[in-house]
Amino acid sequence: VADEALDTLKVIDLPPGDWIALKVQGDSMDRISPPESVILVNRNDRRLVPNALYVIADEEGNATYKRYRPGPPPRFEPVSTNPDLEPIYPQHEPTIIGRVRRTILDT
């Protein structure tokens, strides 16, 4: 995942970490983070916890945001109003970019 700093965002009440803010594209997590909302991701927090939210990368460097379920089998699930979206069942250990800890909605 390439770092492309577009802006700086000041946020309070976050634990120590290596934080990035990402704008959500798509509807795979729209029940938690609607499209165009901003998620705060701690790149130092990569330990998988059941039901926690993560940004993961595939072999091509594409990133996605999903909820982790330990299984069996382990998977990353969308939390969406779109019934056509399927869980991701990793064939190999996924690259965890970081844990999503907050969604910012612009109302």
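## Salt bridges, a buried aspartate and a surface patch

Asp-45 sits in the loop that runs between β2 (38-42) and β3 (53-57). The model is predicted. Asp-45 counts as buried because its relative accessibility is 16%, under the 20% cut-off for that class. Leaving aside residues up to four places away in sequence, Asp-45 touches Tyr-54, Gly-98, Arg-99 and Arg-101.

The loop between β2 and β3 also holds Arg-43, which takes part in a salt bridge. Side chains of opposite charge can pair when their charged atoms come close. The structure holds seven salt bridges, and the table lists some of them.

| Pair | N to O distance |
|---|---|
| Asp-18 and Arg-43 | 3.2 Å |
| Glu-77 and Arg-67 | 3.4 Å |
| Lys-23 and Glu-36 | 3.9 Å |

The side chains of Asp-18 and Arg-43 meet in a salt bridge. This pair links distant parts of the chain, 25 residues apart: Asp-18 belongs to the segment before β1, and Arg-43 to the loop between β2 and β3. Asp-18 has a relative accessible area of 31% and is therefore partly exposed.

Lys-23 pairs with Glu-36, and their closest N and O atoms are 3.9 Å apart. Lys-23 lies in strand β1 and Glu-36 in the loop between β1 and β2, so this salt bridge ties together parts that are 13 residues apart in sequence. Both ends of the pair are exposed: Lys-23 has a relative accessible area of 53%, and Glu-36 one of 51%. Each counts as exposed because the cut-off for that class is over 50%.

The side chains of Glu-77 and Arg-67 also meet in a salt bridge. Glu-77 is in strand β5 (residues 75-77) and Arg-67 in strand β4 (residues 63-69), so the pair ties together parts that are ten residues apart in sequence. Glu-77 and Arg-67 are both buried. They belong to one network, in which salt bridges that share partners join Arg-67, Arg-69, Arg-75 and Glu-77.

Nonpolar side chains appear on the surface as well. Leu-9, Val-11 and Ile-104 form a nonpolar patch there, and their accessible area together is about 210 Å². Within this patch, Leu-9 comes from the segment before β1 (19-23), the segment that also holds Asp-18. Leu-9 has a relative accessible area of 47%, so this residue is partly exposed.

How values were computed: Residues are numbered from 1 along each chain as its sequence is written. This is a predicted model: local features need pLDDT of at least 70, side-chain atom pairs count only at pLDDT 80 or more; totals for chains, interfaces and linings use all residues. Side-chain values use heavy atoms; hydrogens and water are left out. Helices (H or I, at least four residues) and strands (E, at least two) are DSSP runs, numbered from the N terminus. Buried means under 20% relative accessible area, exposed over 50%, partly exposed in between (1.4 Å probe, protein chains only). Contact means heavy atoms within 4.5 Å. Patches are made of residues with over 30% relative accessible area and no salt bridge: like charges are joined within 9 Å, nonpolar side chains (Val, Leu, Ile, Met, Phe, Trp, Tyr) within 5 Å. Accessible areas come from the Shrake-Rupley method with a 1.4 Å probe; for residues, only the protein chains shown count as cover. A salt bridge is a side-chain nitrogen of Lys or Arg within 4 Å of a carboxyl oxygen of Asp or Glu.
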